[in-house]
Amino acid sequence: GGSASKPAAAAAAADVEAVPTQAVALSETGATTGTGAGTGAAMSEDAAASEDAREEDSAQAREQLAEAAQMEEAAAASLLPVQVGAAEVLSLGELSCDPAGYFSNKAVFPIGFRTARMHTSLHNKSQKVRHVSEILPGPEFVVRAETDPPYEYRG
């Protein structure tokens, strides 16, 4: 039994002697151990650096979203005008979250939405003229006839 405990005791002694050596090596490299005064400053610097990195990432994400929105607008604009049945969609407009008349459970009225189609002229019943319909802020619905003289309906 005694010979088995001597190697175990020697190994334990070697482990204990290694601990001070590791602590000295860390101190020489400038690393901090324990809860000394230097620990709080190092953590504050790390937290500040981490916050700066998050802010930079957030700014980059906002820039990427803005670029994507611009690209999406350009792509949508390049598809317009588009013919849908007898109507020509000129602009899709912008959605408003204002509940004051811009949407219901059956319809959506995007500000700036514009379409055009041919209708009979009010001045000359035998003539077809282009009428442009548009949703303005309010919402206000406008129909303009491209005639000479032009006429317009608002409602």
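**Exercise 1.** Classify E146 from its relative accessibility of 44%.

*Solution.* Buried means under 20% relative accessible area, exposed over 50%, and partly exposed in between (1.4 Å probe, protein chains only). At 44%, E146 therefore counts as partly exposed. R130, with 26%, is partly exposed too.

A word on the source: this is a predicted model, where local features need pLDDT of at least 70 and side-chain atom pairs count only at pLDDT 80 or more, while totals for chains, interfaces and linings use all residues. Residues are numbered from 1 along each chain as its sequence is written, and side-chain values use heavy atoms, without hydrogens and water.

**Exercise 2.** Find the salt bridge that R130 forms, and place both partners in the chain.

*Solution.* Start with the criterion: a side-chain nitrogen of Lys or Arg within 4 Å of a carboxyl oxygen of Asp or Glu. R130 pairs with E146, and their closest N and O atoms are 3.4 Å apart. The two distant parts of the chain linked here are strand β4 (a DSSP run of E, at least two residues), home of R130, and the loop between β5 (140-145) and β6 (151-154), home of E146; 16 residues separate the pair.

**Exercise 3.** Follow the salt-bridge network that contains R144, and check the burial of its members.

*Solution.* First, R144 bridges to E134, with closest N and O atoms 3.2 Å apart. This links strand β5, which holds R144, to strand β4, which holds E134, across ten residues. Next, compare burial: R144 is partly exposed at 27%, whereas E134 is buried at 18%. Then take E152 and R154, whose closest N and O atoms are 2.7 Å apart. E152, at 38%, is partly exposed, and so is R154, at 47%. Finally, join the pieces: E134, E140, R144, E152 and R154 make up the network. The whole structure has seven salt bridges.

Note on methods
Helices (H or I, at least four residues) and strands (E, at least two) are DSSP runs, numbered from the N terminus.
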